[in-house]
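Below is a colleague's note on this structure, set out as numbered points. Please read each point with the coordinates open, since the residues and elements are best followed by eye.

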Amino acid sequence: MKVEWNYSSLARPYLNRPDYAPRGIDRMLGIAGVTAGAMACDIGAGVGHLTIPLLERGLTVDAVEPNDAMRALGAERTAGYPAVSWYEGVGEATGRPDHAFDLITFGSSFNVTDRPKALSETARIGKAEAWFACMWNHRDLDDPLQVEVEALIRSHIPNYDYGVRREDQTAVIDRSGLFGGVTLIEEPVRHRVTVEDWIDAWRSHATLARQAGDRHGAIVDAIGSLLLNRGLSEINVPYTTRIWIAPLRTA
């Protein structure tokens with residue numbers, strides 16, 4: 001039940017990744033009509049960035065995560081919540097029971113699955129009125145500081161590509177034939193973070209790590225130098241939380 005890429009070395013830096021926009025989470029639950037007490041399955045739960053907001057809103061959550069290090073950190077962070085259980089599994093084979101969940105979520109994880117298979121698995125574990133949602137935080141690449149960061153990355157990797165995580169997910173959801181109309185939710189969120197923690201978060205950036213290979217450390221160090229040479233100790237990074245949500249199609 002392991003994924004193609006090993007996230008063990010990225011697990012602890014993942015703690016410094018930004019949270020999803022609270023208003024985006026609230027809009028998602030409102031559209032789905034999911035309220036406190038509902039059952040959610042958070043797939044690719046990582047260290048709990050989406051699991052925790054769902055728990056805070058009163059949902060009961062089965063958190064599914066294939067990586068042992070990530071799952072251990074997630075369980076540690078959510079130890080104070082009695083309504084969560086952690087399981088080993090992947091998006092295509094969660095190991096969770098048939099027709100058990102009101103909401104199935106993929107927080108920054110749908111892009112590393114075989115998406116059609118993950119959608120089929122979502123349909124298997126979802127109740128008749130279940131909803132699917134996948135989401136990512138996308139940095140505002142027009143922000144002046146992020147323009148410089150992007151230029152630095154591309155100086156090392158000219159053909160750098162964010163891939164599936166920045167694609168519109170509507171077509172792949174529609175092609176499955178398993179879901180009703182897709183709704184896109186977009187909400188801005190700012191991540192106020194120390195420069196040291198933001199640099200550390202880049203060490204968890206799997207898309208960069210995969211394309212950079214053995215240059216990953218040098219690129220992260222260069223991003224750090226870009227900020228530290230300005231004398232910055234803290235930055236306010238603009239993101240947009242993008243959520244694609246769709247209801248399971250009833251027979």
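1. I begin with T51, which is found in helix α2 (residues 51-56), and I note that the model is a predicted one. Is T51 buried or exposed? At 0% relative accessibility T51 counts as buried, because the cut-off for that class is under 20% relative accessible area. Leaving aside residues up to four places away in sequence, T51 touches D42, A45, V61, A63, T78, V84 and W86.

2. The next element to inspect is strand β4 (residues 101-107). Six of the seven residues of β4 are buried, so the strand is largely enclosed by the rest of the structure. Strand β1 (residues 39-43) runs parallel to β4 and is joined to it by four bridges, with C41 standing opposite I104 in β4. The pairing of β4 with β5 is likewise in the parallel sense, over six bridges, and here F101 stands opposite G126 in β5.

3. Two loops that involve β4 deserve a look at the backbone. Most residues other than glycine have a negative phi. H99, in the loop between β3 (84-87) and β4, has a phi near 50°, a positive value in a residue other than glycine. H99 counts as exposed because its relative accessibility is 53%, the cut-off for that class being over 50%. S108, which lies in the loop between β4 and α4 (115-125), also is not a glycine and has a positive phi of about 55°.

4. Which strands pair with β7, and in what sense? Strand β5 (residues 126-139) runs antiparallel to β7 and is joined to it by nine bridges, and among these contacts between strands W131 has P247 in β7 as its bridge partner. Strand β6 (residues 183-194) pairs with β7 in the antiparallel sense over 12 bridges, where the bridge partner of E186 is R242 in β7. As for burial, 11 of the 14 residues of β7 (residues 234-247) are buried, so this strand is largely enclosed by the rest of the structure.

5. On the aromatic side chains, a search of the whole structure finds seven aromatic pairs. One of them is formed by F106 and F132, a tilted pair with 5.7 Å from centre to centre and 50° between the planes. Since F106 lies in strand β4 and F132 in strand β5, the pair ties together parts that are 26 residues apart in sequence. Both F106 and F132 are buried, and they belong to one aromatic cluster with F110 and F179.

6. Two arginine side chains should be viewed against the rings beneath them. R96 lies over the face of Y87, at 3.5 Å from the ring centre. R166 lies over the face of Y162, in this case at 5.1 Å from the ring centre.

7. Helix α9 (residues 216-228) has 13 residues and reaches 18 Å from its first C-alpha to its last, which is close to the 18 Å expected at 1.5 Å a residue. Within α9, the residues H216, I219, V220, I223, G224, L226 and L227 are buried. These residues cover an arc of only 155° around the axis, which puts them on the same side of α9. An α-helix has 3.6 residues a turn, so residues three or four places apart point the same way. What do the buried residues of α9 pack against? Their partners are α5 (144-156), α7 (195-202), α8 (206-212) and β7, and β7 is the strand already described as largely enclosed by the rest of the structure.

8. Helix α3 (residues 68-77) can be read in a similar way, with M70, R71, L73 and G74 buried. Those residues cover an arc of only 165° around the axis, which puts them on the same side of α3. The buried residues of α3 pack against β3. When β3 is displayed for this purpose, the loop that runs between β3 and β4 can be kept in view, and H99 is found there.

Definitions and conventions
Residues numbered from 1 in each chain as written. Predicted model: local features only at pLDDT ≥ 70, side-chain atom pairs only at ≥ 80, totals over all residues. Heavy atoms only, no water. Buried < 20%, exposed > 50% of the residue type's maximum accessible area, 1.4 Å probe, protein only. Pairing = 2+ DSSP bridges. Phe/Tyr/Trp six-rings, centres within 6.5 Å; stacked < 30°, edge-to-face > 60°. Lys NZ or Arg CZ within 6 Å of the ring centre and 35° of its normal. Expected span 1.5 Å × (residues − 1). Arc of directions from axis to C-beta. Contact = heavy atoms within 4.5 Å.
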